[in-house]
Amino acid sequence: MSSLRRYRMSMPLVSAALVLASQLCEAGSLYSSKGIGLWRIYPSGQGAGMGGVGIAFMDNLTINLCNPAARYPAGFTRVSTDVGFDFSTTTSSSGSASAHYGQASGFAMLIPLGKRATFSATLGPVSVVRYAAAHADTLPGYQFSRQVTGEGGLNQGEFSFFLMPVRYLYLGASAHLYFGRIRETWETTFSSTDFVSSKDRFSSHLEGFGGTFGVVLRPTARWNIGAVVSPPAELKVATDIKHAFRGSDSTLEKETRLPLRWGIGVAYQWPFGLTVGGDYYRQEWKEVVPLWEGRYAYANSSYLMIGSEFVPSRRLTDPYLKKVAYRAG
């Protein structure tokens, strides 16, 4: 019953919300209303400044969130957090829209276990759900408006181990605990007091387990070649529904999964402080059944990212301005 009503509500909203549909950023997109929302690729603050590159990058200060095989000891404990802000504006023949979005990008801690191993723990978002769509319509002699809003997403807690069995070969493995909540509201408002406005609320709780395996190979002191793979992970979804006019609330339980994800990357560091790299990352969404019934299906996602970083000096004792990193991607 709930999935049928979701379908009916979404159809008249599409034409009124085309101005939002082209936004693929985290600030707000109708695409985030599908399944678990928009997937978030965030290797680190360093990688974000380089277009999302991160599979083969190893740095003595940054904790790589993409590849557990890139978290080598460096001789000291590291703690990091990042904050991101996203702003977008879109204009089309039907109108214009703007959105802004700020979020802490998570927390990470890395502890050396000698010179060849580390333990790390991270906490951060996996997907983002943030959208709103409204549609005005009329009945004979009456006006009403419909609005659908959603927010939330999927998060993960991660525990990882890094090991260097031989020189220039780095291995890593992570265990993920997935959890999150997606809240959606359907609201219908009438201009006349002859009708009663309604508001239905849906709150979906998600949980599951998964893992990631990574490797970084250094054929020379300046070349890095990396690979990462995450097997499919099952997710349980329990949706609590609070109806506007029904006598009792209800709960739906479903299962979905995160698809197989894998990627490869390269990085090269010149002696004068310039580092360049590129990643190819793929998610096999096509085999995943949509969380809710509807006239849509998932397609596989492919990401190609390139980036560069220039740091005049990496010596910790040098003045601040000499250690500023310049990045593009």
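The following chat concerns the salt bridges of a predicted model.

User: What kind of model is this, and how are its residues numbered?
Analyst: The model is predicted; local features need pLDDT of at least 70, side-chain atom pairs count only at pLDDT 80 or more, and totals for chains, interfaces and linings use all residues. Residues are numbered from 1 along each chain as its sequence is written, and side-chain values use heavy atoms, with hydrogens and water left out.

User: How many salt bridges are there?
Analyst: The count is six, where a salt bridge is a side-chain nitrogen of Lys or Arg within 4 Å of a carboxyl oxygen of Asp or Glu.

User: Which residue does glutamate 158 pair with?
Analyst: Its partner is arginine 71, with the closest N and O atoms 2.7 Å apart.

User: Are those two buried or exposed?
Analyst: Glutamate 158 is buried at 3% relative accessibility, and arginine 71 is buried at 2%. Buried means under 20% relative accessible area, exposed over 50%, and partly exposed in between (1.4 Å probe, protein chains only).

User: Next, what about glutamate 151?
Analyst: Glutamate 151 forms a salt bridge with arginine 183, the closest N and O atoms being 3.4 Å apart. Glutamate 151 is partly exposed at 39%, and arginine 183 is partly exposed at 31%.

User: And which residue pairs with glutamate 309?
Analyst: Arginine 314 does, at 3.0 Å between the closest N and O atoms. Glutamate 309 is buried, at 2% relative accessible area, whereas arginine 314 is partly exposed, at 35%.

User: Which residues make up the network there?
Analyst: Salt bridges with shared partners link Asp59, Glu309, Arg314 and Arg327 into one network.
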